[in-house]
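Here is a walk through one chain, from its core outwards to a few odd backbone spots. Keep the structure open and follow along.

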Amino acid sequence: MDQMLRLDLGVDRLVTGLHEVTEAFAAAVEGLDPQATVPTCPEWRVRDLVGHIGQAYRWSGELVRSRAAAPTPQPRAAELGPPREWAGWLRESTDDLVAAVTEVGPETVVWTFLGDRPARFWLRRMLADSVVHLADAAAAAGRPFAVAPDLAADAISEGLELIAAAGAAALKPDLVELRGDGQTLQWRAGDAAPGWLITRGPGGVTWERRTADADVVVAGPVAELLLVFSRRARPEEARVAVSGDRALLEHWRARTVF
């Protein structure tokens with residue numbers, strides 16, 4: 001089966017998850033200085049982060065409606081209004097994407113950067129992206145990162161599907177360096193069992209949802225695993241335990257920058 005066609009969460013949960021994460025993101029950036037630096041994305045200001053989220057929802061909604069490619073928007077060009085209007089603008093952006101997928105139908109084939117996929121691809125892609133950026137917003141606000149375990153788990157699965165997808169290395173050449181001769185990495189979360197077993201083979205990365213011994217094991221709550229997986233925290237900064245080949249883990253993380 002094409003790994004990009006997996007769907008761990010149903011469409012209804014993707015939709016409710018988008019709304020949950022949008023609300024949490026809006027709450028995290030409320031009251032922040034729009035020009036403050038985002039510690040986990042130092043090239044961005046808070047306003048850029050907000051602009052990216054809302055623009056990405058609207059952009060992907062238009063991709064679904066048109067079923068054709070469109071230029072990626074620039075966060076600094078977003079017309080999101082003053083900070084007091086950000087929450088409403090973000091909600092409208094979320095509603096636009098959900099409406100687009102509802103209008104065409106979640107199984108309707110549309111354009112994506114990895115080839116034609118069902119429209120629900122964009123619900124899941126935007127949800128995973130927003131879960132990671134919720135961590136960025138929390139860092140900017142000096143707050144703990146909190147997200148539902150099923151959403152954090154699916155963000156990891158979705159990230160692995162992108163990494164392992166046919167054609168992914170053409171978009172991100174660093175992924176070629178993840179080819180190997182059987183090295184294994186295990187991400188293990190007690191609150192999101194089973195874990196994720198990754199194998200680096202000659203043809204590239206493969207993975208499966210199961211718990212097993214591996215050359216390196218990263219274990220902890222799933223939200224903390226996501227922080228390490230998405231490079232929002234180093235292993236020593238997160239509530240995770242690492243055993244085995246740490247160099248293998250760092251090699252992986254250096255070549256999977258989101």
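Which residues does phenylalanine 145 touch, not counting residues up to four places away in sequence? Phenylalanine 145 touches Val131, Leu134, Ala135, Ala138, Ala223, Leu226 and Leu227, where contact means heavy atoms within 4.5 Å. Before going on, some ground rules: this is a predicted model, with local features needing pLDDT of at least 70 and side-chain atom pairs counting only at pLDDT 80 or more, while totals for chains, interfaces and linings use all residues. Residues are numbered from 1 along each chain as its sequence is written, and side-chain values use heavy atoms, leaving out hydrogens and water.

Phe145 belongs to the largest nonpolar core, which has 86 residues, and shares with Trp187, Trp196 and Trp252 the top places for contacts inside it. A nonpolar core here is a set of buried Ala, Val, Leu, Ile, Met, Phe, Trp, Tyr and Cys residues joined through side-chain atoms within 4.5 Å; buried means under 20% relative accessible area, exposed over 50%, and partly exposed in between, with a 1.4 Å probe and protein chains only. The largest share of this core, 12 residues, comes from helix α4 (residues 120-141). Helices (H or I, at least four residues) and strands (E, at least two) are DSSP runs, numbered from the N terminus.

Now look at α7 (residues 222-229), where eight of its eight residues are buried. Glu224 is one of them, along with neighbours such as Leu225 and Phe229. The cover over α7 includes α4, α5 (149-164), β5 (183-188), β6 (196-201), β8 (216-219) and α8 (246-254).

Next, the helix packing. Axes are lines fitted to C-alpha atoms, for helices over the stretch in contact, and angles run from 0 to 180 degrees between N-to-C directions. The axes of α3 and α4 come within 9 Å and cross at roughly 160°. That makes α3 roughly antiparallel to α4, since angles over 145 degrees count as roughly antiparallel, under 35 as roughly parallel, 65 to 115 as roughly perpendicular and the rest as oblique. In this contact, Leu97, Val98 and Val101 of α3 meet Trp122, Leu123 and Met126 of α4. Its residues divide into six nonpolar, no polar and no charged; Ala, Val, Leu, Ile, Met, Phe, Trp, Tyr, Cys and Pro count as nonpolar, Asp, Glu, Lys and Arg as charged, and the others, Gly among them, as polar.

On to the pairing of α2 (residues 46-66) with α3 (residues 86-104): they pack at an angle of about 20°, with axes 8 Å apart. So α2 is roughly parallel to α3. This contact divides into 13 nonpolar, seven polar and six charged residues. Threonine 94 sits in α3 and counts as buried because its relative accessibility is 1%. Its contacts, not counting residues up to four places away in sequence, are Leu18, His19, Thr22 and Tyr57.

Finally, the backbone. Most residues other than glycine have a negative phi, and most peptide bonds are trans. Arginine 67, in the loop between α2 and α3, has a positive phi of about 60° and is partly exposed at 47% relative accessible area. Arginine 231, just after α7, takes a positive phi of about 65°; it is partly exposed too, at 36%. In the loop between β5 and β6 you will find proline 194, joined to alanine 193 by a cis peptide bond with omega about -5°.
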